[in-house]
Structure formats: C-alpha cells, structure tokens
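Reader: Hi! Could you walk me through one part of this model in close detail, with the cut-offs behind each term spelled out?

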Amino acid sequence: MKTFAWSCGMGAVLCGLLSAGATMAAEELAADMWPFHHKVEVYRSEQGDVTVFTLRLEQDFLAGEFDKGSFLRLHATDDRAYLIYPKETKFQQKHAEFYGRLRGEGKVNLKLSFEIISENLDGSRRVTVRQGNIEVPIPELPDPPAAVGPKSIYLDWARQQNLYFADLLRYYPEESFYQYCILQSQARYGVTPPPIPQGTPNATALETDLYQVVTGSMAIQDSLQRAALSTGGRMGDLNTHVSTLRPPTVRSLPYEKLLEEKRTKEKIEPKVHEMSRMVPQDQYFAHFNSMQSLGELLDLSSQWGNNLLRLFTVRAQDQRLQPKLEDQLCLRRDPLTKLFADQVIEEVGFTGADPFVLEGTDVTLILRLKQPELFDKAAAGWLDEVRGKYPQMVSRTFNYRGHEVAVHYTPDRMVSSFVARHQQYAVYSNSHRAIRRVIDAAAAVSPCLHDALDYRYVTTILPPSAAANSGYFFASEATIRRLVGPEAKISEKRRLQCFNNLVMLNNASLFYRLEYGKSPQSLSDLIEGRFIDPKKIVCPHGGAYAFDAERDTCTCSLHNRLKYLTPNVELSVLNVSKEEAAEYDRYKQRYASFWQKAFDPIAVRVTVEERLKLEACVLPFANGGFYEHLRRMVDKNPRPLATERIAPSAVASVLMVPGREQIAEYLNGIPGVSETLRADPTLTDLKWVGDRVGLHFCDGETILQIDPTQLTPTSVPMLGEVPLETQAAVSALLMAIKLPVYVTLEVENPESAARLLEQLSQQIFLKQSTLLPGIQTVMDAYRLPDYKEHAMYVFSGQLYAVKVRLHVALVGDRLVAATKPEILREVIDVAGANETQTPTEAHMLWRFNRGGLGRLHDDAQLYWAEKSRVACHRNIISIYNLRKLYGTPIDEIPRLSEAKYGVRYFCPDHGEYSFDAERNQIVCSVHGNREDSRQNPRLDRQSSFSQFIENLDEVIASLRFQDDALITTLEIVRSRDKEK
C-alpha cells in the first residue's frame with residue numbers, strides 16, 4: 001500500500017502484519033548486532049545552511065533471503081533530522097541507503113527498524129521487528145569556513161526527494177505544491193527533475209482556457225505553472241500598441257428601425273428601469289424589486305452552481321463570496337432584507353464590468369431609498385462592525401463630479417468600500433474606478449444603459465415585471481463588445497497569469513518552510529535560496545511581487561493578492577507583446593467559428609416563487625447561421641407542449657414541434673412504413689399526421705454509465721474530429737439501448753393512424769433488406785391482447801443476432817412506441833389525465849422529472865457521490881501539507897488555505913476533516929482518504945445529492961421562436977414537501 005504521508009508510522013505496518021495472521025516479536029539491537037554493516041556520511045555546505053547525511057547499509061556475502069522481503073525504515077527521534085528519503089526501502093543487490101537533512105548542532109539519534117520473517121514451530125509466520133539507534137554527528141564548520149564532506153550527498157538527497165514527490169503525484173496529480181518542488185529542483189539543487197506523471201499541458205488548450213469567457217483560475221493553475229517554469233515567464237517586449245489589434249467583427253441589428261416598428265405597428269413602448277440611468281452602457285445590470293427575491297436567487301445559484309460545477313471540475317473549494325463582498329462593501333445582507341420589508345428601501349440593482357466574480361471583480365450595488373435616515377443609521381452600524389473586525393481600516397472622502405465619495409479600505413482590499421449618493425440612490429462599490437464610472441453615467445458625462453437602443457428594444461419583447469418577486473438581468477451589446485475586445489481579453493489573461501504566479505510564489509514559500517521549518521520574511525529569502533527564479537515568475541502586466549510576512553502570502557503591486565485580485569476595470573492595457581497579439585488573433589478566429597454565432601444582447605427575466613422561472617430573450621443572431629439552423633429544425637408556429645400525460649416513470653423527456661412535413665419524412669424512412677403507406681391511397685398523403693413528437697427516457701436499471709461532463713471535442717482515429725453534437729447523439733442512442741424509452745408522435749386523424757398500425761402489422765413480416773453485405777434484416781409483427789380498450793402491437797427487427805422490439809399503440813391522438821410493454825401501459829394509464837398547469841407554448845421542451853427516479857435513483861446518487869468523494873479526496877493532500885508544514889490544529893487550515901490558494905476546502909457531504917496522529921494522515925469522517933476510501937451505500941439525507949435533488953420536483957426548459965426573438969425559459973419546480 002502506498003505510504004500516504006511524509007513519514008510512515010510503524011503502528012499501521014505492524015497492525016497489517018498481525019491481520020495477515022503473523023505473530024510478532026520486537027527486539028532492540030545494538031548496532032554491532034545487526035546482520036549488515038552501516039556507514040554514515042555527512043555533508044555541510046560552506047555557508048553552513050545545508051547539512052545532509054547518508055546512511056548506507058551493506059550485507060555480507062552470506063546474507064540469506066532476508067533481504068528480499070523485509071522493509072527497512074529510518075525515523076528521526078527529534079526534529080533536528082528531517083526530510084528522510086526513501087520512506088521505506090529493501091535491500092537491492094545487498095545494498096540499501098537513506099538520505100536526510102540535519103539542522104542544529106551536536107549529535108542526532110536516528111532509529112533504524114527492519115523485519116525478519118520466519119516460521120514458528122506450528123508453521124505460522126513469525127515477524128521479528130528489530131530496531132536500533134544510529135548516531136549521526138553534525139559537523140562543525142571549520143575556520144576559515146569550508147564545505148565538509150562530499151557535495152554529491154546533497155545532490156543524491158535532492159534526487160530522492162524529487163522521486164518521492166513524483167511518486168506522490170501519481171496519487172495526487174492535482175497537487176501543485178509537489179509539482180512546483182520538482183520543477184524548481186534544477187534551480188534550487190542543481191539536479192535534473194524526473195518526469196511528472198501527469199501529461200504535459202497542451203499549449204493550444206491552455207491558450208484557449210486563458211481566453212475563455214469564464215475560466216476557473218485554479219482549474220488551469222497547474223498547467224500554467226508547468227508552462228511558466230518550463231518556458232519562462234516573459235512574453236516578449238511590449239512594443240505593440242493595443243489600438244492596432246482589431247476586435248471581432250460584430251454587426252448590430254437596426255435597433256432604431258426596429259423600435260420605430262414596435263411603436264407604430266404594435267403600439268409597444270420600451271419599458272426600461274429608471275435605475276438604469278446609473279449604469280454605464282457597457283456594463284451588465286441586474287435589477288430586483290425586493291432583496292428577498294435577489295437573496296433567493298443568489299442562494300439557489302450558489303447551491304446549483306456549486307453542486308453542478310463540481311460534477312465538471314470535481315472540486316470542493318469555497319471562495320466564500322458572500323462574506324467577502326459583505327466585508328468589502330461594509331454591508332450586511334440579512335439587515336438589508338429587513339430594511340426592504342420595512343419599506344426603507346424600494347429597489348436594488350447591481351452592476352459590474354466583467355463576470356470574473358470568484359477571482360475578484362468590480363461589484364457596484366445601487367439602492368433606491370425610501371427612508372434615507374433609517375438606512376443611514378443601519379449603515380453606520382454595519383460600518384462600525386467592519387471597523388471592529390479590521391482595526392487597520394482607513395476612512396476618508398474625496399469629491400468627484402459634485403458627489404462626495406466616502407472611502408473605507410484596508411491595503412489588502414479585504415475592505416474596499418466606496419459610497420456615494422445620487423438623488424434618491426445610495427451607491428456602494430468595491431472599486432474606485434467603478435464608482436467613478438457609475439457617477440459618470442448618472443451625471444450624463446458618459447453613455448448610460450437607460451439610453452442604449454438594444455436595451456430599450458429588448459424590453460419591448462421581454463419587458464421587466466413590476467411584481468415584488470421578480471428581477472431582470474441585461475448585458476448590452478456594448479458589454480459583449482468590450483468583453484471580447486483586446487483590452488479586456490488581454491487584461492484578464494494577464495491577471496490569470498499573475499494569479500498563477502502568486503500561487504507559485506506561495507508554493508515557493510511552502511517549499512522554504514519544508515526545508516527550514518519557518519516561513520520566509522521577504523521575497524529576497526526565496527530568491528537568494530533559489531526557491532524561485534525571478535526571471536520566470538514575472539507579472540505580465542508589470543507589477544512587482546512581495547511577500548506579506550504578516551499574512552504569510554505573496555502579493556503583486558498591481559494585481560493585489562489571491563481572492564482579492566484587482567478588478568480588471570482598474571487595469572489598463574496600452575501595449576502588448578507580439579506573442580499576445582498573435583494569441584488574440586487566434587482567439588478571434590475561435591470566436592468567429594463558434595461564439596460569434598451565439599452572442600448578442602442578453603436579457604433574463606426572473607420570477608422567484610415556488611416555481612422559479614428564468615426567461616431569456618435572444619435576438620436573431622446578426623453574426624452567423626446558428627440561429628437559422630436551429631430555426632429550420634422546427635415548425636413556424638409554436639404549439640402547446642403538455643407534460644401531464646407523460647408516463648410517470650419518464651425521467652428525461654424531449655418534446656419538439658418539427659412540423660408535419662419533417663415528421664412525414666421521418667415516417668417514410670422507417671423500414672416497412674413507406675410500402676404500407678403506398679398501398680393505401682388514404683394514408684399516402686400523410687395529412688393525418690400532426691406536428692409534435694416526443695422522446696422519453698424512463699426509469700430503469702443500468703450497468704453502463706455515460707458521464708455527460710466528460711464530453712469534449714475530440715479526435716478519433718480514422719474518423720477525425722467528433723463534435724459535441726455527434727457525441728451527444730451517440731450517447732443518447734446508448735442510453736436508449738440500456739434504458740426503457742418511448743416515442744410519441746401526434747396524429748390529427750386517429751382513424752388513419754389506427755389503420756396504418758393494422759396494415760403494417762399484417763405486411764411488415766414481408767419486409768426484408770440487406771443493410772450490410774451478407775447480413776439480412778428480418779422484420780416481424782404481431783398483436784398483443786388489448787389493454788384498456790387499446791390495441792397493442794409489437795414490431796421487431798433483427799440484424800444478425802441482435803433483435804429490437806417496439807410495443808406500439810394508438811393512445812388518444814398520439815402514436816406511442818415503447819421498448820418495454822409496461823411503459824406503453826403507463827402511457828395508456830395517464831392518457832386521460834387533466835392538465836393542472838397551462839401547457840407551455842414552445843417549439844422545443846426539455847423536462848427532468850425527479851419523481852421518475854426509482855431504480856435510477858441509486859445510480860444517480862452513486863454517480864453524484866463518487867464525484868463528491870473524489871472532490872473531497874482532492875482536498876486531503878493539501879490539508880495534510882499545510883497541517884504538517886505548520887504543525888497547526890486542523891481548525892487553522894481554512895485561514896492558511898485562503899492565504900496560500902484563495903480558497904477553503906470542504907467535504908461536499910458535510911464530512912469533517914481530522915488529523916489521525918497514529919497513522920499520520922488526514923481523514924474525512926464521511927469519505928476517509930485515498931488509502932482508506934469510503935462512500936455511503938445508502939441515501940444520506942444530509943448528503944449534497946439529497947439536499948440538491950430532494951428540493952426539486954422537476955426542471956423544464958423550453959424554446960419558443962418569435963418573429964423577432966428566441967425566448968428560452970427555464971422553470972425549476974421546487975419540492976412542496978422538503979421532508980419527503
């Protein structure tokens with residue numbers, strides 16, 4: 001079994017031997033009684049800061065089989081000996097050796113233990129653990145100072161440490177600290193690093209991630225780290241002015257003309273928010289009529305975002321966004337909610353320049369006050385609370401365009417509050433540049449969102465609601481243009497690179513602590529000790545790095561620090577390197593091939609109640625054919641798509657309105673159907689066919705699992721690039737093979753449909769064809785006994801040895817074909833169900849039905865639980881490293897992890913991390929660790945899966961094309977009974 005930690009306890013080993021049925025005895029031996037010879041050598045550098053020893057063990061030529069199966073282990077008896085490698089070893093060719101570091105003066109005692117395995121008289125195994133002490137003298141420095149002993153010992157020790165870390169990376173490939181130590185070992189020790197088990201990061205994929213719209217910084221940190229330490233940190237001279245870079249070509253719709261048509265032809269006027277006069281035209285804007293609706297949406301987005309994101313990233317790390325923003329802005333969410341209830345505040349909105357919330361972005365909160373005096377009194381209390389938490393907070397004021405701005409801040413931006421008043425509005429921002437932009441918009445010095453033509457036009461299609469439980473989000477075309485422009489893209493790319501540099505510098509400080517048992521006092525300690533290479537860790541934006549000894553973390557003079565990175569709105573990009581210019585050009589090409597087809601102004605109307613509804617308006621895309629391609633898949637007019645008559649066991653359903661012509665074409669392609677249609681002139685024209693179809697995946701048992709989070713564009717030998725759409729279609733086909741599935745097809749003349757079934761059942765057995773050379777397809781059909789006065793048929797097709805059966809019936813105005821007869825009977829049972837909800841007018845509808853999860857429930861829970869367990873285990877090695885390096889209680893780890901990586905680690909299933917001193921391991925109370933991995937086999941009401949899935953009944957997403965827009969709606973139906 002792999003040793004989990006840096007030192008392995010004898011207790012676990014001996015317990016393992018006992019469990020194997022061995023008897024055990026322990027003997028303490030003097031060094032001259034060991035069955036091998038030993039030799040100690042020590043090296044001490046000329047400066048005296050490095051002392052290394054090696055213990056070499058040699059067996060004589062009469063040594064027996066002992067050397068092949070017995071482990072040797074070397075342990076320090078005090079902390080003057082440390083970093084001893086290997087952790088355990090065996091004799092190889094009668095030779096074994098250990099290497100370790102020394103500090104202090106005098107002599108150090110080490111304990112060597114080894115096993116002798118023999119037999120008792122009764123034939124059972126006998127294990128004798130022998131151990132003894134070895135004395136290692138720490139040499140004094142000669143006068144004048146000179147090195148003592150051969151330096152090769154130091155190099156061999158460094159190689160052993162590298163091998164140990166590389167071995168650990170096989171088990172923890174995501175642990176960037178071990179990776180950093182290996183990559184830096186050439187500069188630190190002068191030894192060539194071993195290959196890192198994880199594959200070399202793909203340069204193209206890494207560049208793509210750096211220029212994504214939303215990128216998880218920690219998700220690409222290890223790849224950035226390897227790239228920076230392998231190729232260097234500099235991108236070349238910044239000698240190209242950013243104005244020479246052209247943004248992607250984005251053509252606008254004729255909004256002025258469209259608005260005029262709305263006014264004259266449809267008598268519809270824009271319905272914009274008055275608060276939008278405070279919002280810069282090129283920033284997103286979210287408006288809510290109550291703090292409660294905003295709070296519920298934030299809670300839901302946090303729960304769904306964290307849980308669903310974990311399925312893709314397999315990470316359980318908390319950035320603690322709400323507490324961070326509450327302290328930064330000097331506001332408190334719960335009291336704000338109460339002020340709304342007391343009618344002190346009427347409206348709330350927030351705006352920002354970019355979506356990079358987790359790393360650090362500008363956030364500006366705008367409150368419309370009804371009772372300013374009461375609000376000021378509450379705000380003063382919140383400010384006092386924050387001042388008590390951060391005694392170093394500075395308060396002052398400055399004037400800007402006739403507005404007094406109150407400033408409260410700390411140098412590390414944990415508090416960064418800029419407060420201003422404009423008419424009846426109170427404005428809170430965490431950025432000095434952002435609040436100036438808001439004041440500019442309010443004072444009509446710069447364009448405001450209120451006057452943006454795309455915003456005004458979209459509100460004629462999807463107007464905001466005045467209901468207290470509603471909200472509205474809008475990102476203008478100007479916002480999208482700015483976000484994809486060279487300044488914003490390169491600024492965020494540089495910020496991500498600086499984020500990686502800060503993590504690397506913090507890894508270097510941990511590396512320093514590993515060797516010296518203390519943190520560095522300055523960046524000079526790391527540079528002079530060659531723990532970092534200042535030529536490779538360079539801020540691409542020109543910032544200077546430093547080490548904050550008080551908070552034990554590294555900082556950048558321009559980008560600040562982890563979790564509190566300087567918002568992009570405060571960063572200016574004037575000149576870029578040729579490499580950056582080429583990267584941006586490649587980004588534009590990627591954008592033109594995909595994203596450019598899918599981005600236009602974005603509007604979302606929110607209704608927060610038991611049935612949470614998000615309605616998004618997407619305008620006909622002016623920049624590509626994606627919109628038209630989607631539009632051609634469906635009929636001109638939307639139709640009511642009801643969900644009440646779907647079989648109760650249907651977990652996932654897709655309803656669609658392709659139109660009569662496309663359905664007729666589909667029917668004609670089914671083997672045997674076209675011949676039957678031609679044989680009956682009353683059926684041939686297919687005018688009796690409707691315009692709606694449905695595909696439903698039902699509850700069932702599975703063996704093969706398809707993980708949709710793993711679908712990515714990939715290349716397959718002989719096939720080439722396989723796009724996501726093709727992979728999804730193949731996955732759906734595999735799901736249809738292993739799960740019960742049924743298809744519904746609407747008919748307008750049930751008599752014609754019934755006649756088709758009857759005639760098809762009589763003639764299909766005559767239909768035979770050859771799909772593959774030498775392999776015939778055999779068709780067959782027969783009728784089953786009627787069920788509740790519904791004629792039931794079975795149609796089958798056999799290709800070689802593979803046979804598929806479809807159970808078909810006419811149920812009301814629908815033809816239904818199911819792979820299982822019980823599913824068909826379910827559909828018949830619910831055929832007369834009354835609609836409790838108004839059917840959704842749409843062209844397409846997707847539905848997830850939690851109530852259908854029966855036999856699939858355990859599979860879904862197992863899939864979720866496995867992701868949660870892996871995410872939990874990824875945290876354990878990082879927690880262990882911090883615990884061992886700092887010797888701190890486990891409850892201090894969150895503070896350290898925030899300082900070093902900007903996150904806190906947590907178990908998704910509410911497990912508690914603890915340190916097992918006997919085994920020298922970090923253990924989760926729910927999942928154990930990777931050596932002792934555990935997972936609950938049954939449903940745990942406290943699990944993240946239970947809390948996520950049990951709180952909803954169904955999720956419905958729909959698309960509806962209008963003449964002037966595409967309306968997409970997501971409805972989340974929350975459970976009425978949270979205890980069930």
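**Around Ser796, and the wider setting**

Author: Happy to, beginning with the whole chain: among contacts between residues at least 6 apart in sequence, 71% join residues at least 24 apart, where a contact means heavy atoms within 4.5 Å. This is a predicted model, in which local features need pLDDT of at least 70 and side-chain atom pairs count only at pLDDT 80 or more, while totals for chains, interfaces and linings use all residues. Residues are numbered from 1 along each chain as its sequence is written, and side-chain values use heavy atoms, with hydrogens and water left out.

The protein has 27 helices and 41 strands; these are DSSP runs numbered from the N terminus, helices being H or I with at least four residues and strands E with at least two. Of its 980 residues, 52% count as buried, that is, under 20% relative accessible area, with exposed meaning over 50% and partly exposed in between (1.4 Å probe, protein chains only). The protein exposes about 44600 Å², and carbon and sulfur atoms supply 54% of that area. Such areas come from the Shrake-Rupley method with a 1.4 Å probe, and for residues only the protein chains shown count as cover.

Now to the close look. Ser796 sits in strand E32, which spans residues 790-799. Ser796 has a relative accessible area of 6%, so it counts as buried. Leaving aside residues up to four places away in sequence, Ser796 touches Val778, Met779, Asp780, Lys803, Val804 and Arg805.

One of those neighbours, Val804, lies in strand E33 (residues 802-811). Together with Val802 and Leu806, Val804 forms a nonpolar patch on the surface, with about 250 Å² of accessible area in total. Patches are made of residues with over 30% relative accessible area and no salt bridge, joining like charges within 9 Å and nonpolar side chains (Val, Leu, Ile, Met, Phe, Trp, Tyr) within 5 Å. A salt bridge is a side-chain nitrogen of Lys or Arg within 4 Å of a carboxyl oxygen of Asp or Glu.

For another buried stretch, look at helix H13 (residues 453-461), which is mostly covered, with 7 of its 9 residues buried. Among them are Tyr455, Tyr457 and Ile461.

Elsewhere, an open sheet of 4 strands runs in the order E2-E3-E6-E5 with antiparallel pairing; strands pair if DSSP finds at least two bridges between them. Its edge strands, E2 (37-44) and E5 (81-85), each pair on one side only. E5 is joined by 3 bridges to the antiparallel strand E6 (residues 95-102), and Ala81 stands opposite Leu102 in E6.
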